[in-house]
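Reader: I should like to learn how to read the features of a structure that is new to me. May we go through them in turn?

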Amino acid sequence: MKIKTAHLLLLATVLLAAPAVAWAPLGHRLVGDLAQRQLTPTAQREVKRLLAGEKEPSLAGVANWADELRNTDPARFKATSKWHYVNHANQQCVFNAEADCKDGNCVVTQIDRQLAILKDPTQPIQARRDALKFVVHLVGDVHQPMHSSDHGDAGGNGYQVSLKTRVEPEAYAKDKYKNGVMGTNLHSMWDYYVLGESGMRSREYADKLWASTHGRPRATRVGDPALWAQESCELVDAWGVYPESHEEDSAEYAKAMRPLAERRVAQGGYRLAVLLNSALDPAYRAPVDLPQK
Ligand SMILES: [Zn+2]
């Protein structure tokens, strides 16, 4: 009986923790899909080789693997859960490895580390496959503004919102949904509602974004993971991501924030493609960033 209760408690903890580190399956799929369209033929072949045997052997298909570990391999998920975000300790958006990324356990450092494994032909293929899946996921995460926070509330997880929405939550959160109002927090709003309110499926949505940006959003420099985290962090205040009220209308909030979310998805896709082309195609030359004024 005791064991059973412990199991249930563990399960409840895992399920309640569920929204904490996702940029919604949709956002991750979009980043993967847009990146795949920008791979060189050589990089495409390498990705295909590395993902052979996957249920859905594409960047979009593996983009949520790192979040799915929560259920498929809880121990590994626990060991890697801090890789999905960075909290800026000193309330400034500029990344400081010592203060913000203890033992390399944050999104900025892990993108570099996983990329190094992916690039290394002496690594076993299984290690390179997992590294690829982490890179795809983490580049998506670092572009989600709430994954790079300086508000001291765990990326908006501590900012409670009563959200008026027609989007029904997944089974684990059903008990928080009453009379069209979802008891949630700002982080989850970004994970599930800002893009989710569009009602579009990922391929259709990727086609739309591709048509409007041709993969490369205007004035996007390649930069590096620390810059991407800094951008995310600065965009939170620049766009007024924190609503004034703790009661919000999901459709209205999503309408106001979707241009930002879509821009971050497109930037993530473009930058992910540059990283993967650089890692997997020896003939590829990454675009050189012009100095910013
Ligand atoms: Zn994540």
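Author: In this predicted model, buried residues account for 52% of the 293 residues in the chain. The chain exposes about 14,600 Å², and carbon and sulfur atoms supply 55% of that area.

Reader: How many helices and strands does the chain have?

Author: The chain contains 13 helices and six strands. Of the contacts between residues at least 6 apart in sequence, 75% join residues at least 24 apart.

Reader: How should a disulfide be understood, and how many disulfides are counted here?

Author: A disulfide is a covalent bond between the sulfur atoms of two cysteines. In this chain the count comes to two disulfides. One of them is formed by Cys93 and Cys233, whose sulfur atoms lie 2.1 Å apart. This pair links distant parts of the chain, 140 residues apart: Cys93 belongs to the loop between strand 1 (86–87) and helix 7 (97–100), while Cys233 belongs to helix 12 (residues 225–238).

Reader: Are Cys93 and Cys233 buried or exposed?

Author: Residues under 20% relative accessible area count as buried. Cys93 has a value of 11%, so Cys93 is buried; Cys233, at 0%, is therefore buried as well.

Reader: Which cysteine does a disulfide join to Cys101?

Author: The partner of Cys101 is Cys106, with an S to S distance of 2.2 Å. Both Cys101 and Cys106 are buried.

Reader: Why is the disulfide of Cys101 and Cys106 called left-handed?

Author: The torsion about the S-S bond of Cys101 and Cys106 is about -100°, so this disulfide is left-handed. For Cys93 and Cys233 the torsion is about -65°, so that disulfide is left-handed too.

Reader: What pattern do the disulfides follow?

Author: With bonded cysteines counted along the chain, the pattern is 1-4, 2-3.

Note on methods
Residues are numbered from 1 along each chain as its sequence is written. This is a predicted model: local features need pLDDT of at least 70, side-chain atom pairs count only at pLDDT 80 or more; totals for chains, interfaces and linings use all residues. Side-chain values use heavy atoms; hydrogens and water are left out. Helices (H or I, at least four residues) and strands (E, at least two) are DSSP runs, numbered from the N terminus. Buried means under 20% relative accessible area, exposed over 50%, partly exposed in between (1.4 Å probe, protein chains only). Contact means heavy atoms within 4.5 Å. Accessible areas come from the Shrake-Rupley method with a 1.4 Å probe; for residues, only the protein chains shown count as cover. A disulfide is a pair of cysteine sulfur atoms within 2.5 Å.
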